[in-house]
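Visitor: Please show me the model, and let us then examine how each term applied to it is justified.

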Amino acid sequence: MSLTSLSPRAGDRPRTGSFIPHLQLSQVSPPAVREALQRWMATTLDGTRPGRSGISVPDSWALHLTVPAAGGAVLMPPLGTEFVHLHADGSLHLALHPDDQAVVLDAGWGERHPLYHPRRANALMVYAPRDEDELALVQQVVTASHQYATGRVPEAAPAAR
């Protein structure tokens, strides 16, 4: 777990599809915000390679682990390396630790995928960032997903004496 809290998402919940493909239908990212998120993802997260999603619609863009990590968790375990993908609307599906999922859901930043199952399909939709502030928050969530996928646990701060 790496998310301790998130600011509540402002406004109403966006409309999303209830079937596959699970996409966000309203309150989508402006192109510049979506492009900034994709650029950040492609250049920031160690041990990943960008590519096409193996489990989403053809225009989705994904990050794959270059080496699957022992103890890590990805979107669909049988496929092995994809832990996050970005849709054209700016929303993402990603794998998260159950405690981090609770933080995202409680703050109104996402919802579970219609096929969600904790052992077979650990997919949470994170709503599209609408501005720079929301982009920074979504980057925190993507970072938590990367940590979960790679099996890296953030180091705890030293205990105060």
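Guide: A pocket is defined on a 1 Å grid over the protein atoms alone, as an open set of points with protein on both sides within 12 Å along at least five of seven lines; lining residues have an atom within 4 Å of a point. Grid points are joined across faces, edges and corners, and a volume is the space filled by probe spheres set on the points. By that reckoning, the largest pocket holds about 210 Å³. It is lined by 15 residues, and those closest to its centre are Ile-55, Ser-56, His-85, His-113 and Leu-115. This is a predicted model, in which local features need pLDDT of at least 70 and side-chain atom pairs pLDDT 80 or more, while totals for chains, interfaces and linings use all residues. Residues are numbered from 1 along each chain, and side-chain values use heavy atoms, without hydrogens or water.

Visitor: How do you know what classes of residue make up the lining of the largest pocket?

Guide: Ala, Val, Leu, Ile, Met, Phe, Trp, Tyr, Cys and Pro count as nonpolar, Asp, Glu, Lys and Arg as charged, and the others, Gly among them, as polar. On that scheme the lining comprises nine nonpolar and six polar residues, with no charged ones.

Visitor: Why is His-64 called buried?

Guide: Buried means under 20% relative accessible area (1.4 Å probe, protein chains only). His-64 has a value of 8%, and is therefore buried. His-64 belongs to strand 2, residues 61-65; strands (E, at least two residues) and helices (H or I, at least four) are DSSP runs, numbered from the N terminus.

Visitor: What makes the pairing of the side chains of His-64 and Thr-81 a polar contact?

Guide: The term requires a pair of N or O atoms within 3.5 Å, one able to donate a hydrogen and the other to accept it; residues adjacent in sequence count only if both atoms are side-chain atoms. The side chains of His-64 and Thr-81 meet this at 3.1 Å. A polar atom of the His-64 side chain also lies 3.1 Å from the backbone oxygen of Arg-52.

Visitor: Why are the buried residues of helix 2 said to line one face?

Guide: In helix 2 (residues 98-106), the buried residues are Asp-100, Gln-101, Val-103 and Val-104. Seen down the helix axis, they fall within an arc of 160°, taken from the directions from the axis to the C-beta atoms, so they line one face. These residues pack against strand 5 (110-112), strand 6 (124-126) and helix 3 (132-150).

Notes
Buried means under 20% relative accessible area, exposed over 50%, partly exposed in between (1.4 Å probe, protein chains only). Contact means heavy atoms within 4.5 Å. On a 1 Å grid over the protein atoms alone, a cavity is a set of points where a 1.4 Å probe fits but cannot get out, and a pocket is an open set with protein on both sides within 12 Å along at least five of seven lines; lining residues have an atom within 4 Å of a point.
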